[in-house]
Amino acid sequence: LLKGKDFNIFFEEYKGYLRKLISDKINKRIKINFEKYIIGNNLVIMISVEEGQDKPYATIPANKILIRKGSNNRFPDPTTELSNLIKKWHKKTDMT
């Protein structure tokens with residue numbers, strides 16, 4: 001329970017908090033979608049992140065790159081996956 005605070009007000013405030021938290025940890029902008037569900041007296045927030053077009057993305061401040069495989073985030077294989085990501089990035093930046 002939110003102790004008298006309206007679910008909609010809390011949802012909007014929490015969305016702002018989550019956006020900042022996420023954007024402070026990623027080196028590029030990402031598209032984040034939030035949906036709210038009220039189940040009983042509980043607010044459930046579903047967060048979805050759209051696939052980005054500006055890959056690779058890295059964490060701040062560690063500058064680590066993670067890739068998504070199925071439902072898991074993991075470090076890319078440095079020989080195959082990471083080199084492919086870098087090649088794609090260079091092709092994209094050479095065109096602009």
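**An aromatic cluster, a pocket and a loop**

Let me begin with a group of three residues, F10, Y14 and Y17, which ring pairs link into a cluster. Before I describe that cluster, I should say that what we have here is a predicted model, so that you can keep its confidence values in mind. The pLDDT of the chain averages 83, and 89% of the residues score at least 70. Confidence varies among the elements of the chain, with strand β1, residues 32-39, having the highest mean pLDDT, at 91, and helix α2, residues 81-95, the lowest, at 72. As a general caution, predicted coordinates should not be read in detail where pLDDT is low.

Back, then, to the rings. The structure holds two aromatic pairs. In the pair of F10 and Y14, the ring centres are 5.5 Å apart and the planes stand at 10 degrees, so this pair is stacked, planes under 30 degrees apart being counted that way. F10 and Y14 are four residues apart in helix α1, which means that about one helical turn separates them. F10 counts as partly exposed because its relative accessibility is 25%, and Y14, at 32% relative accessibility, also counts as partly exposed. Y14 forms an aromatic pair with Y17 as well, and this pair is stacked, with 5.6 Å from centre to centre and 25 degrees between the planes. Y14 and Y17 both lie in helix α1, three residues apart, which is about one turn of the helix. Y17 is partly exposed, with a relative accessible area of 47%.

While we are on this helix, let me turn to a charged residue. K15 lies in helix α1, which covers residues 7-23, and one may ask whether K15 is buried or exposed. With a relative accessible area of 18%, K15 is buried, because the cut-off for that word is under 20%. The side chain of K15 makes a polar contact, at 3.4 Å, with the side chain of E12.

I move now to the pocket. The largest pocket has a volume of about 780 Å³. It is lined by 21 residues, and of these the closest to its centre are Y57, L66, I67, R68 and N73. The elements that give two or more residues to this lining are β3, residues 67-69, and α2, and I would remind you that α2 is the element with the lowest mean pLDDT.

Y57 deserves a few more words. Its place is in the loop between β2, residues 42-49, and β3, and at 18% relative accessibility Y57 counts as buried. K28 lies over the face of Y57, at 5.6 Å from the ring centre. Between Y57 and I67 there are 8.8 Å in space, C-alpha to C-alpha, and the two are 10 residues apart in sequence.

Finally, the backbone of that loop. Where in the chain is there a cis peptide bond? The bond from I60 to P61 is cis, with omega near 0 degrees, and P61 is found in the loop between β2 and β3. N63 is found in the loop between β2 and β3 too, and its phi is near 60 degrees, which is a positive value in a residue other than glycine. N63 counts as exposed, because its relative accessibility is 57%, whereas Y57 counts as buried.

Notes: Residues are numbered from 1 along each chain as its sequence is written. This is a predicted model: local features need pLDDT of at least 70, side-chain atom pairs count only at pLDDT 80 or more; totals for chains, interfaces and linings use all residues. Side-chain values use heavy atoms; hydrogens and water are left out. Buried means under 20% relative accessible area, exposed over 50%, partly exposed in between (1.4 Å probe, protein chains only). A polar contact is a pair of N or O atoms within 3.5 Å; within protein, one must be able to donate a hydrogen and the other to accept it, and residues adjacent in sequence count only if both atoms are side-chain atoms. Rings of Phe, Tyr and Trp (its six-membered ring) pair if their centres lie within 6.5 Å; planes under 30 degrees apart count as stacked, over 60 as edge-to-face and the rest as tilted. A charge sits over a ring if NZ of Lys or CZ of Arg is within 6 Å of the ring centre and within 35 degrees of the ring normal. pLDDT is the predictor's confidence in each residue, from 0 to 100. On a 1 Å grid over the protein atoms alone, a cavity is a set of points where a 1.4 Å probe fits but cannot get out, and a pocket is an open set with protein on both sides within 12 Å along at least five of seven lines; lining residues have an atom within 4 Å of a point. Grid points are joined across faces, edges and corners, and a volume is the space filled by probe spheres set on the points.
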